[in-house]
Each structure stands twice: as C-alpha cells, then as structure tokens.
Amino acid sequence: MFNIKAFAPLMQNTVTIQPFASYDGYGNASFGSAQTYQAAVVGKMERVTGLDGQEMPSMQTVYLNSLATVRPEDKITLSTGDVGSTQSYAINPEIISVGTFPFGRSQGCTVIYLK
C-alpha cells in the first residue's frame with residue numbers, strides 16, 4: 001500500500017495557508033494565523049466544480065503533505081520562486097475547490113485547486 005511519506009521527496013515547494021476569519025465593516029476579509037506546509041505545486045489545467053456548482057478551469061493544483069483542513073475562503077500564498085512572479089494574482093490565487101487524495105486508512109493529502 002502507498003504511503004504519503006513515499007511522496008514527500010517530490011513535495012519540494014512550500015505554501016502558506018491562512019484560515020478565513022471574518023469580514024470587517026468595509027467588506028474586507030481578515031484571516032487567522034498562517035500555517036506553512038510542504039507541498040507540490042503543479043501547473044496543470046483541470047476542470048473542477050466550484051462552490052457555486054459551476055465547472056471552471058483550475059490552472060494549478062497543490063498537493064499538501066498533510067490532511068489539513070482547507071476551505072475555498074482561506075488565503076493561500078505561493079512562493080514567488082515557484083510561480084515566477086510577485087503579482088498578487090500569482091502568489092495569492094483564488095482557491096476554487098479542495099479535496100483529498102487517499103493513501104489508505106487515515107492517510108492522504110489535501111488537494112487544492114487554484115484559479
């Protein structure tokens with residue numbers, strides 16, 4: 001049986017995720033404390049279903065070396081070295097959908113699909 005630890009050497013990127021906390025009186029989102037994860041950031045186009053039930057293209061997929069709970073409202077930050085840009089749309093892309101990739105009983109990784 002596969003084990004997530006076998007794939008850890010392939011996860012050479014790091015991403016930071018901040019959980020959504022609330023909106024302020026002006027409609028600006030605020031976020032909780034950042035958590036950094038070892039990950040694999042893969043640039044591949046894939047059709048995924050968003051929160052609204054509509055299919056849309058995902059331009060990048062992030063595989064976390066963790067079964068962390070991530071929600072589409074959360075904020076993800078990618079390394080500028082990984083995306084080759086310092087633009088906010090590149091380093092803080094929108095999370096379209098979140099899933100898991102199972103590796104057996106209570107093992108796996110969180111999969112994040114990005115706009």
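This tour goes through the nonpolar cores and then the salt bridges of a predicted model.

**The main core**

Select Val15, Val62, Leu64, Ile76 and Ile112 and show their side chains. These residues have the most contacts inside the largest nonpolar core, which has 14 residues. Next, colour the strands that line up behind this selection: E1 (13-18), E4 (35-42), E7 (60-64), E8 (75-78) and E10 (107-114) each supply at least two residues of the core. Which strand gives the most to this core? Strand E4 does, with three residues. As background, nonpolar side chains in soluble globular proteins tend to be buried together.

**Around Ile76**

Centre the view on Ile76 and leave out its neighbours within four places in sequence. What is in contact with Ile76? Val15, Thr16 and Ile17 are on the list, as are Val62, Ile112 and Leu114. The remaining contacts of Ile76 are Ile91, Asn92, Pro93 and Ile95. Of these partners, Val15, Val62 and Ile112 were in the opening selection, among the residues with the most contacts inside the core.

**The other core**

Now select Val48, Phe103, Val111 and Tyr113. They are among the six residues of another core, which lies apart from the one that includes Ile76.

**Salt bridges**

Hide the cores and show the charged side chains. How many salt bridges does a search of the whole structure find? The search finds five; the stops below cover some of them.

Select Glu46 and Lys44. Their side chains meet in a salt bridge, at 3.5 Å from N to O. Is Glu46 buried or partly exposed? Glu46 counts as partly exposed, because its relative accessibility is 26%. Lys44 is partly exposed too, with a relative accessible area of 31%.

Move on to Arg71 and add Glu73 and Asp74. The salt bridge between Glu73 and Arg71 has its closest N and O atoms 3.8 Å apart. In the salt bridge between Asp74 and Arg71, the corresponding distance is 3.1 Å. Arg71 is partly exposed, with a relative accessible area of 33%, and Glu73 is partly exposed at 36%. Asp74, by contrast, counts as buried, because its relative accessibility is 8% and the cut-off for buried is under 20%. Keep all three residues displayed for the last view: salt bridges that share partners join Arg71, Glu73 and Asp74 into one network. In general, side chains of opposite charge can pair when their charged atoms come close.

Note on methods: Residues numbered from 1 in each chain as written. Predicted model: local features only at pLDDT ≥ 70, side-chain atom pairs only at ≥ 80, totals over all residues. Heavy atoms only, no water. Core = buried A, V, L, I, M, F, W, Y, C linked by side-chain atoms within 4.5 Å. Buried < 20%, exposed > 50% of the residue type's maximum accessible area, 1.4 Å probe, protein only. Helix = DSSP H or I, 4+ residues; strand = E, 2+ residues; numbered from the N terminus. Contact = heavy atoms within 4.5 Å. Salt bridge = Lys/Arg side-chain N within 4 Å of Asp/Glu carboxyl O.
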